[in-house]
Structure formats: structure tokens, C-alpha cells
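Thanks, everyone; I would like to spend a few minutes on one chain, beginning with what lies inside and then turning to the charged pairs. Please have the model open while I talk.

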Amino acid sequence: MNKSNTSAGSGSSVDWKAIHRRLDHAAKALEQGLAPAPEERKRILKERATILAREQKDDQVIHDRLEVIEFLLAYERYAIESSWVREVYPLKEITPLPGAPAFVLGIINVRGQIVSVIDLKKFFDLPSKGLTDLNKVIIIGDGNMEFGLLADAVPGVRQVPCDEIQPSLPTQTGVRAEYVRGLTADRLVVLDAAKILADPAIKVCQTLDT
């Protein structure tokens, strides 16, 4: 038996070249099986390009919109860019300031901070409807100046497409052009907060707060 095994072992030889060839063929077949065919590869690349273009378009749409705080003033709809707004505060008690300009309604205490309140209706020479329980104060600031704008009501925040904001004439809004950023198709007057904050006439409020 031992002789038989020995002869069988000595008579058999291993063809290593054939084994390597079979392994190479198997590896190539496996690789081809995992890799997509040319048509499939084109479809995948096209799909990826479509998704990327859609993501870029969606990102562009977001950046082409202006977030504003909409408010009512003298029966008209106004808005101011939300990046200038610190908060919207309900008007509870206001302390008049004798001798202040007519458009300075007075001062309020916002959690320990004294904030002067501007009545834009008087500043813009718009009709006045008097104070109600719905009045709100929109506190705006640029790091140097900060004060509140009196609003008859604040419906909330909205997104306005930038390409819908068109330049307006003073006769369209009743507000001097330098204070208006633009007018939308549905007649929302978008005010220029930077111009309002920088107006020398309003800077008197800075001395009133100190």
C-alpha cells in the first residue's frame, strides 16, 4: 500500500502554470461581473450628473431668496430683511420722551435694556391709525445703532425671490426712494434697513438711549 501511495505521489505532478491561469481567469471574470457594463456606466454617470445639477440649482434657489420680516404699517404691507432684526417685541408700556423728535415715540425696557422706538408712520409722513393692542416693536441693529420700529402688526417671516424685488418710485409707496430696497409684484414694500440705521436724523436716538 505504501508503495502504491509512493508511486502515485511520485507519478503525479502539479501544473502550477495551469493553476495560475485558472486563477487569473477567475479574477478577471469576477472583476467583470462586479464592474458595470459600458452602457450601465454611462447611465450611472448621467444620473449622478443630474442629481448634482439639481442640488446646485436648489442651492442657488435658496441663495436667490431674501428672508424678510413682514409687517403692517398704516394699512400697507412692509418688510425688512431678517438679518437686521434682533427680535420682535410686543409693545406693552412705553415711556414718552418730552422734547424728542415727533417720530421718536418713546423708550421701552426690553429685559433690562432701554430701547428707543421709532414711529415710521411719522418719520415717513404716512397716515397714522393710533396704537392698538396688536402693536409690535421690531428691534433692528447693525452693531453700532439699535432701536425699535413700531409696527401695527407682524404677520411673520417670508421668503421673497430676489428677482421679484423691483425698484420703485416714491409715488408707488409713499416712502422716499432712499429708504426703499424695492417693491414686489404683490406690493410688498421692502425697506432698506442699512439706510434707515445710517440716517443722521434717527441717530438722535443713540443719545436718548445713553
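A residue is called buried here when its relative accessible area is under 20%, exposed when that value is over 50%, and partly exposed in between. By that criterion 33% of the 210 residues of the protein chain count as buried, and I should say at once that this is a predicted model. The chain has seven helices and ten strands, and its accessible surface comes to about 13600 Å², with 55% of that area belonging to carbon and sulfur atoms. Among the contacts with a separation of 6 or more, 57% are made by residues 24 or more positions apart.

Let me start with the interior. The largest nonpolar core has 30 residues, and those with the most contacts inside it are Phe71, Leu120, Phe124, Phe147 and Leu191. At least two residues of this core come from each of several elements, including strand β1 (65–73), helix α4 (120–123), strand β7 (146–151) and helix α6 (193–198). Another core, of ten residues, lies apart from it and includes Leu105, Val110, Val137 and Leu150. Returning to leucine 120, and leaving aside its neighbours within four places in sequence, we find it in contact with Phe71, Leu73, Asp125, Leu149 and Leu191.

Now to the charged side chains, where the count comes to ten salt bridges. Which parts of the chain does the pair of aspartate 186 and arginine 77 tie together? Aspartate 186 lies in the loop between β9 and β10, whereas arginine 77 lies in strand β2, so their pairing ties together parts that are 109 residues apart in sequence. The closest N and O atoms of this salt bridge are 3.3 Å apart; aspartate 186 is partly exposed, at 39% relative accessible area, and arginine 77 is also partly exposed, at 24%.

A second salt bridge joins arginine 111 and glutamate 87, at 2.4 Å from N to O, and here the pair links strand β3 (residues 85–90), which holds glutamate 87, to the loop between β4 and β5, which holds arginine 111. Arginine 111 is exposed, with a relative accessible area of 62%, while glutamate 87 is buried, at 17%.

The third pair is lysine 121 with aspartate 152, at 3.3 Å from N to O, and it connects helix α4 with the loop between β7 and β8, 31 residues apart. Both lysine 121 and aspartate 152 are buried. Finally, Glu70, Arg77, Arg158 and Asp186 are joined into one network by salt bridges that share partners.

Technical notes
Residues numbered from 1 in each chain as written. Predicted model: local features only at pLDDT ≥ 70, side-chain atom pairs only at ≥ 80, totals over all residues. Heavy atoms only, no water. Core = buried A, V, L, I, M, F, W, Y, C linked by side-chain atoms within 4.5 Å. Buried < 20%, exposed > 50% of the residue type's maximum accessible area, 1.4 Å probe, protein only. Helix = DSSP H or I, 4+ residues; strand = E, 2+ residues; numbered from the N terminus. Contact = heavy atoms within 4.5 Å. Areas by Shrake-Rupley, 256 points an atom, 1.4 Å probe, with all protein chains shown as cover. Salt bridge = Lys/Arg side-chain N within 4 Å of Asp/Glu carboxyl O.
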